[in-house]
Amino acid sequence: MKSIYKIAILIVAVVIVAAGVFNYHFSQATQTTPSSPSATPTPTPTPNPSPTPAPTPTPTPNPSPTPAPTPTPTPTPAQGVALNGAGATFPFPLIDKWAAEYNKIKPNVLVNYQGIGSGGGIQQHTEKTVHFAASDAPLTAAQAEKAPNTLHIPITIGGVVPIYNIPDIPKGLKFTGEILAGIYLGEITKWNDPKIVAVNPGISLPNQQIVVVHRSDGSGTTFIWTSYLSNISPKWKETVGRGTSVNWPVGLGGKGNDGVAALVKQTPYSIGYVEFTYAKKNNLAYGYVQNAAGEFIEPSIESFAKAADYAAVTLPRGDESWSKVSIVDSLAGNTQAKGAYPITSFSYILVYKELNVLPNMDEASARTLVEFLWWAIHDGQNYASDLYYVPLPSSVVKHNEATIRMITYNGQQLHK
Amino acid sequence: MESSRKISLFNHKLNTKHFSHFKWQINGDNIFKLVGALFASSILLLLGLMIYELIKGSWLSIQTFGLDFILGTKWDPAISRVFGALPLILGTVVTSAIALLIAVPISLGIGLALSEYVPKKFGFAISFLVELLAAVPSVIYGLWGIFVLIPFLRDHVYSHLQTLFGFIPIFSGPIYGGGVLTGGIVLAIMIIPTVSAVMRDLFSVVPTSQREAMIALGATKWETAKTVISYARSGVIGAIILGLGRAIGETMAVTMVIGNKFQVWPSSLFDAWYTMSAIIANELLEATYDLYVSALMNVALVLLFVTLVINILSRLIVWRTLRLVRGMAKE
């Protein structure tokens, strides 16, 4: 019988040692994994459409007859560079499209982007495990403290729109901020509430209970929506506040933009909010929202771009604190912002100003990253509209150019 | 007196002899024993690590809220940053209980039918299909719940329930489609395969002599079936708790149909609610500060604890019954 105890003790000892070894290796591995030197670039069969012939000739490293002059194992661009990014799900389709298109132009560059959520992206950025991160919200002061010298580069613009399902009423129901706050606070409960009727003359609204739908998961969409309601309604600001998830006074929660869209589609007399893309894709009726100038604005790529244009005037420098940046906030009191849709927001890429702080970054990768970012804010914007993203207005592109010029590697400016 | 001493001496000798012969030899048998034990203990190690990590992750929340976390009724990540999980715990337990109310009679029927009534040939087909249901991924149940079950229940079931029983508070109030009852129904569908499979196994190990005796006494088939149930009753309870364990841990399908509304108690069966696993799945990705993440970890810890206790309980009961019944059968 006792032999079994002996074996048991031995096993436990072995397991502990194995766990220790594993842990050690793992901690080593996390510091070096993302470099993935064997990134095999997929040679695309399409003829290379790039205007500038890529300086790096072949996607496959041919065994050259001349011996390689550099004995260092650091990957050079010719061997292929993998850029790893992670973060918000909202810009994922766009960044993914960029990755594919950029790979056609520069077959040796492979961009991997994982849509794990803004929170996860910021965390990985702070832990320096990715080359770039994406977030729907700028870093808060506390987050910026943990990841000093982070640059914010707005890459696209999103708009959050109220969607509703009232039989026989198509898109275009008008909402003021006060009405939306009232509905989401549970103070306006019927569709034929006098406040709604007052701004929608000529539309016969039903005497039906409003079914409120919100996001159940934490999301940048919710952050934008609650920011808007906080600006409009002091009561909202005090009792609910703004955040990626909040303590909702009323309503059902749907998971993701898709979940909210599905719930609204399934539930008569409901109201919800989604990214504009999802309203379009699901053919949902969406409302017009009043801006500070007093106009009811139809959500559209143009009205979002206009909103970004007004906000661009006040943007801080790329390396300053962006924690206060919000198109929603800057439009809140701006009675001059004609034609701007008020619930609009930037989506950002976050990179370090000095790229050598990343343990898995070499100069070649840094240069590639900067080239990719430069391409993304210029040529990359052409792919935005097809995917219902809003191309950056030229004012913001100019701002970004200055920001990208700040990026350095070992103190050396990478883009001139 | 003397003989007993002799025996003990003999025993002692045997032990030392056994020890002196024990030697580590590198042979296939020992290596196999070691490797097998290693694999087996990896499960324990995994569980231990999981508990350790969860406690480590939720330490901040445990320090900040202590017991108030379990008794608190407020979940406010935006302004006051106070987290309390009582509504989640209640939501989890109540939806699981509703699922059991629906699933247990059905599973009992399936188990009995398969062991007592249905001819073997069909029995195989039916039990195969029932087990196939267990293999359907839960997100598919969720999608089916949103697009098929919710509209159907809202338009054809709940509205009638309300007109018939609307005077009872739990059947009053607005009907959204999704909600507590819908969550319970989806959960019930998901646990029926597990529960009914265990019940079938339990009923089929009830000795034939029991049935023969009942029939010899002139009992009807139904009376015989009742004896079979009562013979395996503690095992049946175990099977039910096993289903409860599964229902409590279920995430995706429930998240998609329950409505995700954080409140202590819903106004009716049609109202929305929230569960522990659902809030983790929903909020962890965008939890933006340490205390928030820690609070979600704390929810996970509570959930793990509840499911562990329930699963251990059910396993013990099922094992005991199986052993008891088999032991009796041998006699």
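**View 1. One salt bridge is the count between chain A and chain B.** In this predicted model, the partners are D290 of chain B and K146 of chain A. Their closest N and O atoms sit 3.6 Å apart, and with a cut-off of 4 Å the pair qualifies as a salt bridge. Alongside this bridge, nine residue pairs between chain A and chain B are in polar contact, with both residues at pLDDT 80 or more.

**View 2. Several helices and strands of chain A supply the side that touches chain B.** At least two residues each come from the helices α1 (2-32), α3 (118-126), α4 (141-146), α8 (234-239) and α9 (256-266) of chain A. The strands β6 (211-215) and β7 (252-254) of chain A each give at least two residues as well. The top contributor on this side is α1(A), with eight residues. Sorted by character, the residues of chain A that touch chain B are 13 nonpolar, 19 polar and eight charged.

**View 3. Here is the whole contact between chain A and chain B, with 40 residues from chain A and 36 residues from chain B.** How much area do the two chains bury between them? The figure is about 3,100 Å², and 62% of it lies on carbon and sulfur atoms.

**View 4. Chain B on its own is divided into two parts, domain 1 (2-50) and domain 2 (66-330).** If you are setting up a distance between them, the centres of domain 1 of chain B and domain 2 of chain B, taken over C-alpha atoms, are separated by 42 Å.

Key
Residues are numbered from 1 along each chain as its sequence is written. Chains are lettered from A and ligands numbered from 1 in the order in which they are written. This is a predicted model: local features need pLDDT of at least 70, side-chain atom pairs count only at pLDDT 80 or more; totals for chains, interfaces and linings use all residues. Side-chain values use heavy atoms; hydrogens and water are left out. Domain bounds come from an automatic or database domain assignment. Contact means heavy atoms within 4.5 Å. Buried area is the accessible area (1.4 Å probe) that two parts lose on being put together, summed over both. A salt bridge is a side-chain nitrogen of Lys or Arg within 4 Å of a carboxyl oxygen of Asp or Glu. A polar contact is a pair of N or O atoms within 3.5 Å; within protein, one must be able to donate a hydrogen and the other to accept it, and residues adjacent in sequence count only if both atoms are side-chain atoms. Helices (H or I, at least four residues) and strands (E, at least two) are DSSP runs, numbered from the N terminus. Ala, Val, Leu, Ile, Met, Phe, Trp, Tyr, Cys and Pro count as nonpolar, Asp, Glu, Lys and Arg as charged, and the others, Gly among them, as polar.
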